[in-house]
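I have a new structure to look through today, and I am keeping notes as I go. Come along and read over my shoulder.

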Amino acid sequence: MTDLAFHVRQFVPDCQDGEELEQRKALLTAREYAAMLRGRTDSAIATNHAIDAHECAGAYCYADVPVARLKIAVGYCRAMVQAAFLADHLEREAAYHV
């Protein structure tokens, strides 16, 4: 059992192997990336996207919701983390061209 699976099973002991477990682990991973971004970016836009991803992932990773809802949350969190990375990159590049 991976570390993330261990965390999921601690808080959602009835979590089913397969799709449900994978979606919950994906939410924990997105939450970790969002937390990392929050700590390293100077971009307000990137920070806001990272906060949104972190809060959504935190709200759904252990929630009693159907797998379909977990999939939507994973998609949203991944998109927000990606948007945060891109916003951070754009603002860093802009700083070099001023």
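These are my entries, from the overall layout down to single residues.

**Ground rules**

I am working with a predicted model, where local features need pLDDT of at least 70, side-chain atom pairs count only at pLDDT 80 or more, and totals for chains, interfaces and linings use all residues. I number residues from 1 along each chain as its sequence is written, and side-chain values use heavy atoms, with hydrogens and water left out.

**Overall layout**

I looked up the secondary structure first and found four helices and zero strands. Helices (H or I, at least four residues) and strands (E, at least two) are DSSP runs, numbered from the N terminus. Read from that end, the order of elements is α-α-α-α. Along the principal axes, the C-alpha atoms fill a box of roughly 55 × 25 × 15 Å.

Next I checked burial. Of the 98 residues in the protein, 34% are buried; buried means under 20% relative accessible area, exposed over 50%, and partly exposed in between, with a 1.4 Å probe and protein chains only. I then looked at contacts, which means heavy atoms within 4.5 Å. Among contacts with a separation of 6 or more, 67% join residues 24 or more positions apart.

**Helix 2**

Does the length of helix 2 fit, and what span should I expect? I take 1.5 Å times one less than the number of residues. Helix 2 covers residues 19-40, so its 22 residues should span 32 Å, and the end C-alpha atoms are indeed 32 Å apart.

I also listed the buried residues of helix 2, which include Leu21, Arg24, Leu28, Ala34 and Leu37.

**Helix 1 against helix 2**

Two packed helices are described by the angle between their axes and the distance between the axes. I looked up both values: the axes of helix 1 (residues 3-11) and helix 2 come within 9 Å and cross at roughly 110°. The axes are lines fitted to C-alpha atoms, for helices over the stretch in contact, with angles from 0 to 180 degrees between N-to-C directions. Helix 1 and helix 2 are therefore roughly perpendicular; under 35 degrees counts as roughly parallel, over 145 as roughly antiparallel, 65 to 115 as roughly perpendicular and the rest as oblique.

Which residues meet here? From helix 1 I noted Leu4, Ala5, His7, Val8 and Arg9, and from helix 2 Leu21, Arg24, Lys25, Leu28, Thr29 and Glu32. The residues of this contact divide into five nonpolar, two polar and four charged. For that sorting, Ala, Val, Leu, Ile, Met, Phe, Trp, Tyr, Cys and Pro count as nonpolar, Asp, Glu, Lys and Arg as charged, and the others, Gly among them, as polar.

**Arg24**

Is Arg24 buried or exposed? I found that Arg24 counts as buried, at 1% relative accessibility. Not counting residues up to four places away in sequence, Arg24 touches Val8, Val12, Cys15, Tyr60, Cys61, Tyr62, Ala63, Val65 and Leu70. Tyr62 is 38 residues from Arg24 in sequence, with 7.3 Å between their C-alpha atoms.

**An aromatic pair**

I searched the whole structure for aromatic pairs and found one. Tyr33 and Phe85 sit edge-to-face, 6.4 Å centre to centre with 70° between the planes. Rings of Phe, Tyr and Trp (its six-membered ring) pair if their centres lie within 6.5 Å; planes under 30 degrees apart count as stacked, over 60 as edge-to-face and the rest as tilted. Tyr33 lies in helix 2 and Phe85 in helix 4 (residues 67-96), so the pair ties together parts 52 residues apart in sequence. Tyr33 is partly exposed at 42% relative accessible area, and Phe85 is partly exposed at 26%.

**Other residues I looked up**

Ala46 belongs to helix 3 (residues 44-60) and is buried, with a relative accessible area of 1%. Leaving aside neighbours within four places in sequence, Ala46 is in contact with Thr41, Ala84, Ala87 and Asp88.

Ala79 is in helix 4 and partly exposed, at 43%. The C-alpha atoms of Ala79 and Ala53 are 8.3 Å apart, with these positions 26 residues apart along the chain.

Met36, in helix 2, is partly exposed at 35%.
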